[in-house]
Amino acid sequence: MAERRARPAANGRKHTWRRTTQPPVTPPPEDEARTAATAREEADSVVEAALYRDGVRVATPGSLADTYRELGKQPDGMAWIGLARPTEQELLSLAAEFDLHELAVEDAMEAHQRPKLERYGKTLFVVLRAARYLDAPEEVDFGELHVFVGPDFVITVRHGAAPDLSGVRRRMEETPDLLKLGPEAVLYAILDAVVDGYAPVVAGVQNDIDEIETEVFGGDPAVSRRIYELSREMVEFQRATRPLVGMLHALMAGFTKYDTDEELQRYLRDVADHVTHTSERVDGFRQALADILTVNATLVTQQQNAEMRALAEAGFEQNEEIKKISSWAAILFAPTLVGTIYGMNFETMPELKWAAGYPFAILLMAVVCVSLYFIFKRRDWL
């Protein structure tokens, strides 16, 4: 990878992507506004572009076209172009200038790629998933970064807010001895920044898990949703970190094959160690969340059983009260029935002139009431 590619004259270069570009022409007056809008759009997409020689910045072009011209003037220079959500035309322009493979350019256009490392000739194409922890909503935000690394250029295409590579550029410019090692050193710095960005996420997730454990045993009804959402984030986090382990080992093998600086190889091994540690922590988080979800389901089931038992006991007590009320109502109904019958005023009613009628009626009431009382008492209704 360290071998510099030959830079033929612009009019002599042939590439399949040239079909999408046209020779520069002077726009007619009615197209001047459109040309200005395109220039503004490109300026928004190009976060920063710079040329370096021996680890020192020698030019800061304002556009991609200026970058191409400046790089042509610096045969031993290196271009570092940072883009954020570039347009299709910009990516096609880069592909034509730096001979980028069409499959890699297509991936960079579409985004939503899994982390991977691919080599197309002398160009490496790396896809990384960066992450950052948002304190306010207590969630993990993922970004996507595509990196093209060639003999004399590094192109970063960022989709999402993370990662912020301005700090990486400042760090590299403050250490020209590292930057002069070339595009491989820039790739290492980007990998290191992405992996270092996982540390705050790991700390934030660990804090969330501690809070969730407290909420689970505190009986918070909303904790199940929080566990599920955090579990989904850990699945995404695992997809971002797990492929990096194999990618870094493949990259280290490539560095050895192409006789990259030994110190840079040691730096890369350190990044690989950090990635392995982070991947193991993420695996642990997933297992911990699965265990917490199981415990929470058990606690919820126990709580529901306790509530059902309390309802059943309340219903049983209510049923006992209803039995007592019904029993006394039946007991009181018997004398009421007898008294009602004998209270009817009919001249031809039997036993109206019977002398023992009144004592018989009272005795009948008492016998019926006492009989009902003992019957209900025997059945534990009273």
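**Close-up views of helix and strand packing**

**View 1. Helix H2 beside helix H3.** In this predicted model, the axes of helix H2 (residues 64-73) and helix H3 (residues 88-98) come within 11 Å and cross at roughly 10°. Angles under 35 degrees count as roughly parallel, and H2 and H3 are therefore roughly parallel to each other. Look for Leu64, Tyr68 and Leu71 on the H2 side of the contact, with Glu90, Ser93, Leu94, Glu97 and Phe98 on the H3 side. Sorted by class, the residues where H2 meets H3 are five nonpolar, one polar and two charged.

**View 2. The mixed sheet and the helices lying across it.** Here seven strands make an open sheet with mixed pairing, in the order S2-S1-S3-S7-S6-S5-S4. Strand S2 (56-59) and strand S4 (116-120) are the edge strands, each pairing on one side only. H2 lies across strand S1 (46-53), S2 and strand S3 (78-84), and runs at about 170° to S3. H5 also lies across S1, S2 and S3, at about 165° to S3.

**View 3. Strands S5 and S6 side by side.** Strand S5 (residues 123-134) pairs with strand S6 (residues 139-149) in the antiparallel sense, over eleven bridges. One pair to pick out is tyrosine 133 with its bridge partner in S6, valine 140.

**View 4. Helix H5 against helix H7.** Helix H5 (residues 166-174) and helix H7 (residues 183-196) pack at an angle of about 135°, their axes 10 Å apart. H5 and H7 are therefore oblique to each other, and their crossing is right-handed. From H5, Val168, Arg171 and Met172 meet residues of H7 including Ala185, Tyr188, Ile190 and Asp192. The contact of H5 with H7 has eight nonpolar, no polar and two charged residues.

Terms used: Residues numbered from 1 in each chain as written. Predicted model: local features only at pLDDT ≥ 70, side-chain atom pairs only at ≥ 80, totals over all residues. Heavy atoms only, no water. Axes fitted to C-alpha atoms, helices over the stretch in contact; angles between N-to-C directions. Helix = DSSP H or I, 4+ residues; strand = E, 2+ residues; numbered from the N terminus. Parallel < 35°, antiparallel > 145°, perpendicular 65-115°, else oblique. Left-handed = near helix turned anticlockwise from the far one by under 90°. Contact = heavy atoms within 4.5 Å. Nonpolar A, V, L, I, M, F, W, Y, C, P; charged D, E, K, R; others polar. Pairing = 2+ DSSP bridges.
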